[in-house]
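Open the model in your viewer and keep the selection panel at hand. The stops below go from one selection to the next, and each says what is found there.

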Amino acid sequence: MRLLAFFASGLALGVAPLAFAQSGNLTLPKAVEAGAAFSIATAGSGKATLYIAGLGQVVKRQVDLGQTVNFPVGTLYSAGRYVVVLQGDQEPESGEFDVVPAKGVAELSFLARPSRLPVGLHDAITGAVYVFDAYKNLMVAPTPVSFELSGPSGAAQKRTVVTRFGAAWTEFDSTARQGADKFVANAGAASTRRVISQVPGDPCGLTMTAKRDGKQVELQTAPIRDCSGNPVPDGEVVTFTASFGDDQSTADVPIKGGIAKIDMPIQDGALISVASGVVMGNQIRWEK
Amino acid sequence: MKNGILLAAALIIATVVLIVIGTVKPIPSAEHFAGEQNLLPSSSTPEAAVRNLGDEISLGHWARAYDSLANKTQFSEDEFIHDLTGYYANLRTDATLNSFEVRPLHATENDAEMRLTLHWATVLGPSESTRDLHVTRVGDHWAPEWPLDKRPAVPPQVIPVNYLRWDVIYPGPGDDWGVQGVEAPHVRIVDMRPVQRAEGVVILGELLNDDVVPAYVSVTATLQSKTGKALATEDSFDKISHVLLPKQVTPFLIDFPDATLSSVGSIRMSPFSTLVPASADPVIEIDNAHLNPAPDASLSGELMNESGQIVNVAHVLGTFYDKSGQVVWIGDEYIDRALLPQTPQAFLIHIPEDLARNVSSQRTVVSSFEYGGVL
Amino acid sequence: MLKPELTGESQRPIPMSFILLAAVIVHLPLLLMKLPLKSYDTNFHIFFASHYLHHWFDPWNTKWYAGFSQATYPPLPQQWVAVLSNLFGLDMAYMAVQFAAILLLVIGVYRFSRLWVGPRAASIAALASVFLGSESFLVYSAGQLGTTFAAPIYLNGLPFLFDWVRHGRGRSCLKATVLFAAAAAAHHATLLFGAFFFALPVLALALLDRENGARVSTSAFLARTIAIAVTVGVAIAFVLLPFWIALIHYPVTQTPIPHASRANYILSPQYGLSYFIVPYGALILALPFIFWRGSMVARLRPLLLGFWVAFLIGLGGTTPVGRVLLGRAFEVLTFERFSYWATLLALPFVGLLIAELVARYRTKAIVGLTALAAATCGLAVSWSTYHPADADQGLSVEPVAAWLNRDGHDQYRYVTLGFGNQIARLAVMTDASSVDGEWYSGRMLPELTSNGGGTLTSSKYFGKGGLDALRAILMHADHYGLKWVLVRDPSYDPLLAFAGWRPVDYLEDKTITIWSKDGAPPATPLNAPQIPPHWQGVMWGIFPFGSSILALLVILIPEKRRQKAREEYPVETGGLAPGRLAS
């Protein structure tokens with residue numbers, strides 16, 4: 001069906017240059033709002049066939065020449081240029097008019113990146129919005145879009161950007177608090193929300209303690225936080241290393257409940273260190 | 001008629017002789033299936049007795065191997081099989097014995113010590129195990145005693161399972177374009193160094209999961225000529241720990257056989273990461289890791305499974321640094337025995353002799369595999 | 001001279017229609033049940049046929065080994081399967097071609113045996129071929145269509161060779177040449193080794209017989225022999241030209257792959273059962289007779305020597321003969337086919353023996369021999385059940401093929417692990433390309449040829465060589481666009497997990513896991529130098545198949561009236577009493 005529509009559209013566009021010069025019996029609107037009712041007046045007498053073809057839509061009507069042809073609401077809804085061809089007993093006549101997006105933003109396509117990032121980064125969050133009308137036509141007319149990024153504490157960063165050719169974009173800093181930030185874009189009555197997960201940065205001031213636990217030594221970190229004071233999430237790996245002479249024992253331990261903890265067989269005099277990723281913590285020399 | 005009789009006799013005798021020759025001294029293709037034994041396997045020497053045992057093991061003739069043991073009353077045939085193939089599923093379970101060597105250590109008139117080295121072919125490459133067997137004279141032949149490693153006694157216990165786990169929920173098929181996805185974990189190469197070896201160029205490096213979610217990682221490298229033309233592309237294959245928990249670092253080694261560093265203008269590194277479900281367990285501790293100097297330079301130590309689950313296969317990756325902290329080599333070893341909870345398991349990673357003297361420190365990581373994992 | 005009543009020559013031969021009917025009764029139901037589908041190689045031949053069905057003039061098949069040339073294997077039976085599949089479908093077309101080969105064997109054995117023994121013994125030999133253990137073993141257990149298709153054509157051609165050398169009849173020369181060319185187009189090894197085991201004894205027979213009847217001079221004998229050898233050589237060189245070009249440019253130099261037929265059957269009795277007891281069956285009981293009668297009757301000695309050499313080589317690694325005579329080829333060839341040829345060479349003796357036993361013991365002999373024949377045939381037919389090619393019969397590859405064919409999965413290459421010999425069946429059903437395959441001589445991927453492994457899907461059964469090959473091919477997955485590994489054997493899981501592959505889907509109630517490699521690029525055609533040029537594809541599509549059509553046509557050329565059978569078959573006994581020999 002769609003193929004047929006495109007074929008008819010192509011046919012109409014093909015014959016248009018011939019008919020354009022003989023125009024005169026067609027009265028066309030200059031522009032029609034997408035989805036709105038409209039009418040086309042014809043002159044003359046007899047029967048004819050009226051074709052309206054645009055990108056993605058084709059309308060065909062049998063008309064009595066000399067009468068006005070009314071098209072109800074919702075007939076044409078795809079924005080763009082349409083060609084009208086009137087084919088009667090005589091030479092075909094044609095003309096053009098535009099269908100423009102409907103008024104009022106109905107839908108936003110909101111691309112927010114990244115979905116996850118560390119706290120405290122400058123201009124690290126980007127949001128891009130495309131505005132559409134109720135018929136999913138891109139609204140190329142300048143439209144104000146307001147962006148708002150709010151953290152769990154309620155503090156928000158706001159910015160309003162006017163679209164150019166249907167798109168608007170902005171950048172925000174990530175906040176100092178970890179958590180799920182709401183990133184909202186509003187335009188007219190349309191609103192779309194995304195979630196940006198702000199995660200703690202590298203551990204800061206990583207420290208551990210050691211105490212004997214039977215034959216082994218229990219190594220345990222203090223609650224691990226980043227430099228902004230956010231607790232580092234469970235699962236991050238902390239590496240404990242105990243060195244004694246040429247021997248070395250290591251264990252990669254995931255943080256559980258905010259701390260990392262393990263029992264290791266450690267000899268007296270061993271040097272114990274702790275690290276997470278590329279961040280080093282304190283060192284302990286284990287003595288009797 | 002006389003000619004006929006002679007011909008018949010000649011053909012029949014020749015046939016029998018050829019069969020006897022083929023059986024007493026089998027051709028290599030036949031040995032592949034029959035082992036090195038011939039029609040009359042002899043245990044007339046300690047070495048022959050151990051060799052026969054090796055043949056039976058390589059052919060999977062467990063009952064015959066067990067029957068040939070002098071100390072078979074001390075354990076059952078099942079225990080003998082499990083001693084060789086493992087009590088729990090592991091790399092040896094489906095391995096085949098590729099070859100074996102027998103070396104006499106000591107011999108008297110009535111007993112001997114023989115070293116049996118078994119070369120297994122596992123899905124992860126060759127694996128070697130060595131047993132010293134006491135061989136005794138029993139009547140007119142010799143019989144080996146099998147030094148059975150008793151099954152590790154894991155005490156009955158209840159271990160609470162409360163490890164961390166990450167799951168990934170992907171967008172459904174109905175979700176529109178523009179809907180937010182979840183990005184791949186952020187990973188970065190924290191060290192990289194190309195090295196020229198006799199076999200070709202080797203790229204050594206380390207990769208860090210810089211994110212708060214687990215990552216499935218691999219590294220691809222492309223050697224480019226001085227004019228920018230791609231010479232070869234290889235990836236880290238199994239010389240890397242592919243699942244990285246947050247803030248975990250893995251070494252990686254990429255091998256370019258037959259390449260020469262002098263013809264390389266630049267190297268393009270492409271780390272790849274994707275979000276995967278993962279578990280923070282098992283935690284495997286590396287105890288008493290020790291650098292052994294040349295000759296036979298190596299890193300030895302023990303693995304200790306700190307979790308409650310059995311690890312079927314463990315992969316130990318050792319990163320070796322010089323005094324300035326630069327990576328000089330990366331070695332690895334697969335452990336062909338299952339890691340039982342709280343049961344130490346030795347490992348040994350060989351270090352190339354020419355690099356051993358440059359090694360002053362090391363860092364070891366372990367990745368693990370359990371059969372029956374989920375998607 | 002033997003007394004005619006004792007040799008059975010005084011008795012009438014079994015009518016050929018009866019023997020063919022016996023072949024129909026024994027083999028047609030088994031073939032209609034598609035029993036050969038359980039064999040080792042049947043699906044392999046069907047896979048080749050499916051390629052000819054769609055690409056008759058292009059022997060380059062991209063479904064295995066990322067691309068290989070089917071011009072590395074003589075195509076005739078597979079092309080016939082492809083042609084007949086338009087009527088019956090691939091499976092039944094295979095059965096039809098195999099059935100035709102079985103019927104042709106009956107005629108071929110009769111015609112070949114007539115060179116050595118009288119009509120009755122020859123007809124009994126033909127009847128025995130219906131129950132021959134090695135034939136049933138190759139058809140139902142090994143699935144060697146090429147060998148079982150070529151041998152009957154070759155056997156049918158040998159009497160023409162004899163006639164040409166002995167009597168100089170031009171028509172016979174033409175017929176022998178065309179039949180030998182067709183046999184080579186079906187299976188080159190049959191012709192190559194057949195020249196030694198079958199043709200040399202026939203030539204020796206012609207030499208021995210040169211003084212009987214119409215005399216032929218030694219120089220004429222030699223001239224005719226050389227003439228037909230050259231003619232056949234040229235014909236075969238032309239008909240299989242793309243094959244020879246491929247063989248010369250890319251000789252089989254890969255690391256040998258172990259095969260149980262090379263075992264010592266005494267040290268490894270389980271293989272002795274498969275490769276000696278089952279193919280020979282009750283024929284083992286006839287071995288003393290074969291040696292005795294073959295030695296005593298001068299005229300039968302060439303046949304005995306041909307049998308003896310084939311018999312010894314067919315014993316694989318039981319004797320050093322095969323290795324000494326064949327050299328490196330010993331590590332490439334499999335030896336069940338030598339036993340097959342040995343049993344075919346034994347059939348004239350068997351015909352004689354049975355004729356004499358029946359003449360002497362009548363009903364008792366008939367009952368006993370029928371029971372032995374049934375047991376021999378029954379054991380060989382049932383061997384595919386007791387010792388199946390694929391121990392795991394529960395695998396259905398249809399869902400796997402459907403998965404590969406959907407959602408663009410076939411843009412990438414795949415490899416299976418633990419699929420046994422079902423990979424050929426899967427390859428027929430899917431559009432995707434694999435880096436694995438079952439035609440070892442056609443593979444060129446260095447990862448496979450430099451290691452001593454067979455199919456990747458059964459890597460672990462080939463020990464270190466097989467596992468090294470698998471590891472090497474996985475290391476170069478990106479190069480081959482290899483993205484999918486379909487695993488039915490979890491023992492491979494550790495390798496995949498540690499090598500950076502991830503499970504992405506399950507099939508068949510989670511018995512098959514699909515592993516994927518992230519970032520693998522789509523498969524692209526390999527620009528291999530082994531791709532045959534178009535003219536070779538045209539030759540491959542025309543001449544091998546054309547040789548069989550020509551063979552059918554020249555067979556229709558009428559023969560001149562034959563001389564009396566006695567002239568061709570002078571019974572020479574050496575004064576032995578057959579009753580004593582048979583006892």
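**Stop 1: the domains of chain B**

Colour chain B by its domain assignment, which gives domain 1 (28-145), domain 2 (165-278) and domain 3 (281-369). The model is a predicted one. Select domain 1 of chain B and domain 3 of chain B; their centres, taken over C-alpha atoms, are separated by 29 Å. In the contact between these two domains, domain 1 of chain B takes part with 10 residues and domain 3 of chain B with 7 residues. On the side of domain 1 of chain B that touches domain 3 of chain B, there are 4 nonpolar, 5 polar and 1 charged residues.

**Stop 2: where chain A meets chain B**

Now show chain A together with chain B. The contact involves 30 residues from chain A and 27 residues from chain B. On the chain A side, at least two residues each come from strand 9 (107-113), strand 16 (190-199), strand 22 (247-254) and strand 23 (261-264). Which of these gives the most to the side of chain A that touches chain B? Strand 22 of chain A does, with 8 residues. By class, the side of chain A that touches chain B has 14 nonpolar, 8 polar and 8 charged residues.

Stay on strand 22 of chain A and add strand 14 (residues 284-292) of chain B. The two strands pair in the antiparallel sense, over 4 bridges. For one position to label, take Gln248(A), which stands opposite Ala289(B) in strand 14 of chain B.

**Stop 3: the domains of chain A**

Hide chain B and colour chain A by its domains: domain 1 (2-100), domain 2 (107-199) and domain 3 (208-285). Between domain 1 of chain A and domain 2 of chain A, 5 residues of the former are in contact with 4 residues of the latter. The side of domain 1 of chain A that touches domain 2 of chain A consists of 3 nonpolar and 2 polar residues, with no charged ones.

**Stop 4: where chain C meets chain B**

Bring chain B back and add chain C. Here 46 residues of chain C and 45 residues of chain B form the contact. Elements of chain C that supply two or more residues to this side include helix 15 (301-314), helix 22 (463-475) and strand 6 (502-507). Helix 24 of chain C gives the most, with 5 residues. The side of chain C that touches chain B divides into 24 nonpolar, 12 polar and 10 charged residues.

Next, select helix 1 (residues 2-24) of chain B and helix 14 (residues 287-296) of chain C. Their axes come within 7 Å and cross at roughly 140°, and the crossing is right-handed. Among the contact residues, show Leu7(B) and Leu11(B) of helix 1 of chain B with Phe291(C) and Trp292(C) of helix 14 of chain C. This helix contact has 7 nonpolar, 2 polar and no charged residues.

**Stop 5: a helix pair within chain C**

Finish with helix 5 (residues 90-116) and helix 8 (residues 145-167) of chain C, whose axes come within 8 Å and cross at roughly 30°. Angles under 35 degrees count as roughly parallel, and helix 5 of chain C and helix 8 of chain C are therefore roughly parallel to each other. Their crossing is left-handed. The contact includes Leu104(C), Gly108(C) and Phe112(C) of helix 5 of chain C, and Phe149(C), Pro152(C) and Asn156(C) of helix 8 of chain C. By class, this contact has 17 nonpolar, 4 polar and 2 charged residues.

Conventions
Residues are numbered from 1 along each chain as its sequence is written. Chains are lettered from A and ligands numbered from 1 in the order in which they are written. This is a predicted model: local features need pLDDT of at least 70, side-chain atom pairs count only at pLDDT 80 or more; totals for chains, interfaces and linings use all residues. Axes are lines fitted to C-alpha atoms, for helices over the stretch in contact, and angles run from 0 to 180 degrees between N-to-C directions. A crossing is left-handed if the near helix is turned anticlockwise from the far one by less than a right angle, and right-handed if clockwise. Ala, Val, Leu, Ile, Met, Phe, Trp, Tyr, Cys and Pro count as nonpolar, Asp, Glu, Lys and Arg as charged, and the others, Gly among them, as polar. Domain bounds come from an automatic or database domain assignment. Two strands pair if DSSP finds at least two bridges between them. Angles under 35 degrees count as roughly parallel, over 145 as roughly antiparallel, 65 to 115 as roughly perpendicular and the rest as oblique.
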